[in-house]
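Biologist: Please take one helix of this chain and look at it closely, after a short word on the whole to set it in place. Which of its residues are buried, which are exposed, and why do they fall where they do?

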Amino acid sequence: LTFPLLSVTLLVSFGSSMLYGYNLAVVNSPAVYIKTFYNITWSQRYGHGLEPGPLTLLYSLTVSIFALGGLVGSLLVGMLVDRYGRGNGALSRSALLVLLAGGFMGFSRELESPEMVIIGRCITGLHSGICLSVVPLYLGEIAPKNLRGFLGLMPSIFICLGVFFAQVLGLPELLGEDRFWPLFLSLVIVPASLQLLLLHCFPESPRYLLIERNDICGATKALHRFLGTPDVQDVIEEMKEEQRSLSSVEMVSVGQLLRDRSVRWQTLSVVVVNAGMQLSGIDAIWFYTNTIFENAGIPVTEIPYTTVGTGAIEVVAGLIGAPPLSRGKDVKPHPRDAGREAQGCHPSSVPQPHVPLQSALPWMRYVSVACVVGIIGGFCMGPAGVPFLMTAELFMQSHRPAAYIVGGSLNWLCNFTVGFIFPFLQMSAGAFCYLVFCGICLLVAIYIYLIVPETKNKTFMEISHIFA
């Protein structure tokens with residue numbers, strides 16, 4: 001692992017993946033203040049405040065529109081990576097979106113405009129939709145095959161860190177006060193600015209330069225820099241072999257990918273794993289942690305610190321889960337580890353005890369916290385980073401951008417669905433709302449165990465041959 005390879009991995013993970021995690025959790029702590037701002041602004045405009053139902057609907061839109069922006073961003077990935085490349089191409093341009101979004105959200109209260117908060121959330125989602133696909137694509141192409149699993153899981157660790165930083169900064173002693181929430185939302189400009197300044201110091205993906213741009217000299221220089229060795233001929237030959245195999249094949253569109261029978265199992269695997277990750281219920285926890293704990297009976301003064309505790313456990317679980325995955329469980333677990341997705345859902349059947357049960361057994365509220373921790377731990381130690389890594393590994397260069405569009409679109413559609421309907425699902429089903437997520441997790445775990453092969457230390461062509 002060379003210094004340039006590690007540096008660019010940390011930079012793109014910090015400036016892109018961490019922002020995704022931050023934006024997932026940043027609306028959790030200031031929810032009450034944002035709703036109050038909406039209510040006051042509505043009253044000033046129309047002479048009356050919002051009823052609880054419309055207010056919940058408007059706030060749910062603020063939370064979930066992040067995913068709609070992400071959906072649009074994921075649809076743009078193919079065009080961006082083809083036209084501009086991966087690293088200092090698509091990622092640098094997407095960082096500009098964050099600066100715009102930070103301005104919208106930061107000045108929304110001064111200009112008395114709830115619309116600016118919603119637009120800013122949508123733009124940050126657009127950035128995350130691009131980066132969530134481009135970052136693992138870039139890292140998967142610059143990493144040697146023995147380090148592909150390790151580097152591919154770095155973004156998932158930084159997503160956990162982003163969630164944790166949002167929870168810490170949301171404490172009442174820091175930015176968790178009414179006067180600070182616009183600043184809290186707009187802090188996304190800091191890591192984006194750092195990435196924008198430094199990313200041009202690193203070369204483009206060697207695989208992109210050689211296979212798609214036929215720039216052998218540029219690819220060789222990039223490999224020398226990333227691998228830190230003068231002997232890169234074997235890697236160049238592997239890329240040339242892939243280029244020759246693709247010489248008669250054009251980059252496929254999403255429609256062509258879905259119709260291509262030769263990659264139908266790879267495509268189905270990407271669909272199942274990406275949809276299953278978002279429908280595991282983890283997004284509901286990230287978006288509505290405080291509400292879940294409040295309904296579970298946790299005292300209001302303890303909720304911010306309980307939330308930070310779960311975030312810390314999430315980071316630790318991500319760090320614990322990364323080494324086994326990178327050593328050889330990138331996708332398919334050992335039989336004794338089967339169903340990591342399910343590990344995150346088994347305790348979730350009672351995440352919020354009913355109110356009478358809370359009154360009779362006050363300690364049940366802490367069972368709720370333990371269940372949330374179980375979901376987070378199971379998710380971060382298992383499926384958190386797998387879908388993005390798996391999409392990069394299961395497809396050849398010609399199919400990879402289209403596969404990221406398919407996986408990313410499903411990822412964001414499911415994210416939006418959970419973020420938008422969870423408050424209403426919680427109101428109607430109460431403590432049993434997580435049973436839906438539990439069943440989905442179990443089905444996804446069975447599919448992965450039966451269908452998806454191991455990919456560790458295999459070239460992209462070897463993986464393709466396994467599926468064939």
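**A close look at helix α11**

Modeller: For this chain, UniProt, in an unreviewed entry, places the feature "transmembrane region" at residues 57-78, 90-106, 118-138, 150-169, 181-202, 366-390, 402-425 and 432-452. What you see is a predicted model, and its chain holds 22 helices and 0 strands. Of the spans named in that record, residues 402-425 are 100% helix, with end C-alpha atoms 33 Å apart, whereas residues 181-202 are 73% helix and 0% strand, with end C-alpha atoms 35 Å apart. Of the 468 residues of the chain, 58% count as buried, and among contacts between residues at least 6 apart in sequence, 83% join residues at least 24 apart.

The part I would choose is helix α11, which runs over residues 233-245 and has 13 residues. From its first C-alpha to its last, α11 reaches 18 Å, close to the 18 Å expected at 1.5 Å a residue. Within α11, Ile 236, Met 239 and Glu 242 are buried; they cover an arc of only 125° around the axis, which puts them on the same side of α11. The background is that an α-helix has 3.6 residues a turn, so residues three or four places apart point the same way. On the other side of α11, Asp 234 and Arg 244 are exposed, each with over 50% relative accessible area, while the buried residues lie under 20%.

Note on methods: Residues are numbered from 1 along each chain as its sequence is written. This is a predicted model: local features need pLDDT of at least 70, side-chain atom pairs count only at pLDDT 80 or more; totals for chains, interfaces and linings use all residues. Side-chain values use heavy atoms; hydrogens and water are left out. UniProt positions are given in the numbering used here, feature names are shortened, and annotations may be inferred rather than shown by experiment. Helices (H or I, at least four residues) and strands (E, at least two) are DSSP runs, numbered from the N terminus. Buried means under 20% relative accessible area, exposed over 50%, partly exposed in between (1.4 Å probe, protein chains only). Contact means heavy atoms within 4.5 Å. The expected span of a helix is 1.5 Å times one less than its number of residues. The arc is that of the directions from the helix axis to the C-beta atoms.
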